[in-house]
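Trainee: Before we discuss this model, could you show it to me, so that I can ask how each label attached to it is justified?
Mentor: Here it is, and we can then take the labels in turn.

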Amino acid sequence: MPHTPLAADNSAVVLIDHEVGFSNLIGSHTIEENLNGTLALAKTAKLFNLPLIVTAGPEDFPAGPLYPELAQVLGDTPVIHRPPVFDAFENDRFAAAIEAAGRKKLIMAGIQTDVCLALTALTALARGYEVYIVVDASAATTEETHDTAVMRLVQAGAIPVNWLAVGSEILRGWVGQPLAPAFGDLIYEHLPSWRHNHVASNAIAKYATK
């Protein structure tokens with residue numbers, strides 16, 4: 001299958017069911033890991049001005065509202081609250097939002113990987129979309145169930161990625177890219193090891209000049 005890189009003009013980000021009531025069900029990742037990846041992906045969408053489609057269950061259901069940290073990042077981005085259907089495409093408002101985005105590539109993440117994300121992604125593939133599943137912004141009850149769902153989606157034609165890969169593919173490089181400094185700040189915020197490596201490199205260079 002020909003591969004066209006992710007770009008700001010051909011991709012949309014889809015977030016499914018990142019709700020506080022699911023926090024205690026996550027076993028494939030810590031809640032801190034899932035939250036970090038989810039926030040980084042949402043910020044990446046905002047930085048590159050990608051359409052951002054967010055869906056969750058009814059606000060008064062036990063799963064509760066979105067992660068408060070995610071809600072803060074989203075700002076005025078609308079949230080599509082749907083009835084308790086696992087495949088979000090069964091909700092007309094969600095399906096219409098995807099169509100209105102007008103993007104062929106859907107960068108998708110969700111809780112649970114094996115249920116709402118998987119079923120929604122499978123329908124997206126069946127409808128002709130190119131699906132990228134963001135493994136570090138998704139999670140399931142166990143590592144086994146997460147990995148099995150990812151394998152199922154890959155076999156169906158989805159492409160597994162992580163949030164850093166998404167942003168890097170869109171940015172294309174550090175040279176001559178106006179958004180490079182902002183993406184660098186995003187990396188430093190959500191991958192402290194990168195900031196530490198940069199600081200260490202500068203310290204080594206400074207020491208070497210003595």
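**How the labels are earned**

Mentor: Let us begin with a loop: Q112 is found in the loop between β4 and α4, and please keep in mind that this is a predicted model.

Trainee: What makes the bond between I111 and Q112 a cis peptide bond?

Mentor: The peptide bond that joins I111 and Q112 has an omega of about -10 degrees, and it is cis.

Trainee: Why is D17 called buried?

Mentor: The relative accessibility of D17 is 3%, and the label buried applies under 20%, so D17 counts as buried. D17 is found in the loop between β1 and α1 (31-47), and its phi is near 65 degrees, a positive value in a residue other than glycine.

Trainee: Why is R172 called exposed?

Mentor: Its relative accessible area is 56%, and the cut-off for exposed is over 50%, so R172 is exposed. R172 lies in the loop between α6 (163-171) and α7 (180-190), and just after α6 it takes a positive phi of about 80 degrees, although R172 is not a glycine.

Trainee: Which label does E69 receive, and why?

Mentor: E69 has 35% relative accessibility, and partly exposed covers what is between the 20% and 50% limits, so E69 counts as partly exposed. The place of E69 is in helix α2 (residues 68-74), and, leaving aside its neighbours within four places in sequence, E69 is in contact with L35 and L39.

Trainee: How do you know that α6 is largely enclosed by the rest of the structure?

Mentor: The conclusion rests on a count, because 7 of the 9 residues of α6 are buried. These buried residues are W163, L164, V166, G167, E169, I170 and L171.

Trainee: Which elements do the buried residues of α4 pack against?

Mentor: They pack against β1 (11-16), α3 (92-101), β4 (105-110), β5 (130-134) and α5 (143-156). The buried residues of α4 include T113, C116, L117 and A118. Helix α4 (residues 113-126) also has a kink of about 25 degrees, centred on L119, and α4 is followed by G128, whose phi is positive, near 95 degrees.

Trainee: How many aromatic pairs does the structure hold, and why is the pair of F89 and F94 called edge-to-face?

Mentor: The structure holds 3 aromatic pairs. For F89 and F94, the ring centres are 5.1 Å apart and the planes stand at 85 degrees; rings pair if their centres lie within 6.5 Å, and planes over 60 degrees apart count as edge-to-face, so this pair is edge-to-face. F89 is buried, and so is F94. Elsewhere, F48, W174 and F183 form one aromatic cluster.

Trainee: What is known about the largest pocket, and how much space lies in it?

Mentor: About 240 Å³ of space lies in the largest pocket. Of the 17 residues that line this pocket, the closest to its centre are D17, E19, F22, F86 and C116. D17 is thus the loop residue whose phi is near 65 degrees, while C116 is one of the buried residues of α4.

Trainee: How many residues of each class are in that lining?

Mentor: By class, the lining of the largest pocket has 12 nonpolar, 2 polar and 3 charged residues.

Notes. Residues numbered from 1 in each chain as written. Predicted model: local features only at pLDDT ≥ 70, side-chain atom pairs only at ≥ 80, totals over all residues. Heavy atoms only, no water. 1 Å grid on protein atoms, 1.4 Å probe; cavity = no way out; pocket = protein on both sides within 12 Å on 5 of 7 lines; lining within 4 Å. Points joined across faces, edges and corners; volume = space filled by probe spheres on them. Nonpolar A, V, L, I, M, F, W, Y, C, P; charged D, E, K, R; others polar. Bend = angle between axes of the 7 residues up to and from the residue. Helix = DSSP H or I, 4+ residues; strand = E, 2+ residues; numbered from the N terminus. Buried < 20%, exposed > 50% of the residue type's maximum accessible area, 1.4 Å probe, protein only. Contact = heavy atoms within 4.5 Å. Phe/Tyr/Trp six-rings, centres within 6.5 Å; stacked < 30°, edge-to-face > 60°.
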